[in-house]
Amino acid sequence: MIHALRYLRKPIFRCYSSVNIPLSTKIAALVAKSAPEQIYSYNPGKLIKFGSWSLSLVFFTYGLSFADWSLSTSYDLYQKRDQNQDDEQESMLNPTLTFIGRTCGSVILSVIPFTLSLAALYIPSRIVTKIHYIPGKLPRCQLTRNTIIGRSSVYTAPLKAITRNQKTRVFTGNGPQGVDDNSSFVFFLIDNTKPFFKKLYIVNRSGDFWGHDGRIFDAFFGGDSIQDLERKTKSKNSAIKEDSSMLDQLIDEGSKRVKLQNALKAKDIVMRNHR
């Protein structure tokens with residue numbers, strides 16, 4: 001199911017910048033926004049929705065068929081236990097215990113296709129369609145996804161609560177946005193404040209990133225050093241360490257700038273009313 005995501009990209013918006021612009025300049029412009037800014041967009045398409053339901057139905061039907069066949073077979077063998085008394089191995093086993101063991105085995109094996117059926121619906125429901133950066137002294141992140149029944153679900157959390165999978169970086173230096181990766185076409189964002197089944201978000205690399213630059217995600221959600229990410233653009237072999245001090249400084253400066261702008265606007269409104 002998730003492999004189909006690679007071929008279903010429909011761009012929603014275009015960004016004006018490129019990876020040649022310093023990352024610090026881009027982030028400074030982003031955190032200086034006074035209103036929420038969309039930093040990611042992806043349209044999974046209708047095939048994902050209908051394909052997931054079709055695949056789920058196939059696994060569910062197979063699970064019912066297997067459960068019916070295995071349980072009926074176990075019951076038939078239990079009913080014919082008197083005919084197997086001549087078998088020395090069968091005579092040593094309690095017929096009731098044998099029936100219970102076969103039934104438990106059938107139930108356990110039947111759980112597998114039912115689990116796959118649920119997974120076929122769960123995985124597409126965790127695909128992120130939009131991500132917004134909400135500025136402020138304590139910035140927040142808004143993630144939008146489609147539920148199992150196709151409705152849009154919006155969740156807002158502190159920016160620090162959403163983290164990237166530490167084993168996979170978003171920026172690779174390949175492709176127009178610098179996020180193309182031959183080994184993986186998705187990466188994961190994790191909400192550390194939620195339980196297991198609600199904490200995982202799937203982000204497709206073929207979506208549109210703000211500024212056409214995946215380094216912003218590594219800085220925001222991975223805590224990577226902005227200076228190291230800028231050096232990574234020039235040299236793919238350069239190491240990247242975790243250091244969010246510069247990001248915190250830019251966010252603090254952007255927050256102060258927004259407050260100053262709002263104060264000036266309020267003062268201007270007051271002066272106009274007194275004229």
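This section describes the secondary structure, the open sheet and one buried polar residue of a predicted model.

The protein contains 8 helices and 8 strands. Of its 275 residues, 37% count as buried. The accessible surface amounts to about 16,300 Å², and carbon and sulfur atoms account for 58% of that area. Among contacts between residues at least 6 apart in sequence, 67% link residues that are at least 24 apart.

An open sheet is built from 5 strands, arranged in the order 4-3-2-1-8 with antiparallel pairing. Strand 4 and strand 8 (208-209) occupy the edges, and each has a single partner strand, so one side of each lacks a neighbour in the sheet.

Within this sheet, strand 1 (residues 37-41) runs antiparallel to strand 2, and 4 bridges connect the two. In this pairing, Ser41 lies opposite Lys130 of strand 2. Strand 2 (residues 128-134) is in turn joined to strand 3 (residues 140-146) by 6 bridges, again in the antiparallel sense. Here Lys130 faces Thr144 of strand 3. Lys130 of strand 2 thus stands opposite Ser41 in one pairing and opposite Thr144 in strand 3 in another. The hairpin formed by strand 2 and strand 3 has 5 residues between the strands, and Gly136 in this hairpin adopts a positive phi near 155°.

The pairing of strand 3 with strand 4 (residues 152-158) is also antiparallel and extends over 7 bridges. Across this pairing, Arg145 is found opposite Ser153 of strand 4. The hairpin of strand 3 and strand 4 likewise has 5 residues between the strands. In this hairpin, Gly150 has a positive phi near 95°. Strand 4, which pairs with strand 3, is one of the edge strands described above.

A further point concerns Asn204, which belongs to strand 7 (residues 200-204). The relative accessible area of Asn204 is 2%, and this residue is therefore classed as buried, the cut-off being under 20%. The side chain of Asn204 makes a polar contact of 2.7 Å with the side chain of Ser206.

How values were computed
Residues are numbered from 1 along each chain as its sequence is written. This is a predicted model: local features need pLDDT of at least 70, side-chain atom pairs count only at pLDDT 80 or more; totals for chains, interfaces and linings use all residues. Side-chain values use heavy atoms; hydrogens and water are left out. Two strands pair if DSSP finds at least two bridges between them. Helices (H or I, at least four residues) and strands (E, at least two) are DSSP runs, numbered from the N terminus. Buried means under 20% relative accessible area, exposed over 50%, partly exposed in between (1.4 Å probe, protein chains only). Contact means heavy atoms within 4.5 Å. Accessible areas come from the Shrake-Rupley method with a 1.4 Å probe; for residues, only the protein chains shown count as cover. A polar contact is a pair of N or O atoms within 3.5 Å; within protein, one must be able to donate a hydrogen and the other to accept it, and residues adjacent in sequence count only if both atoms are side-chain atoms.
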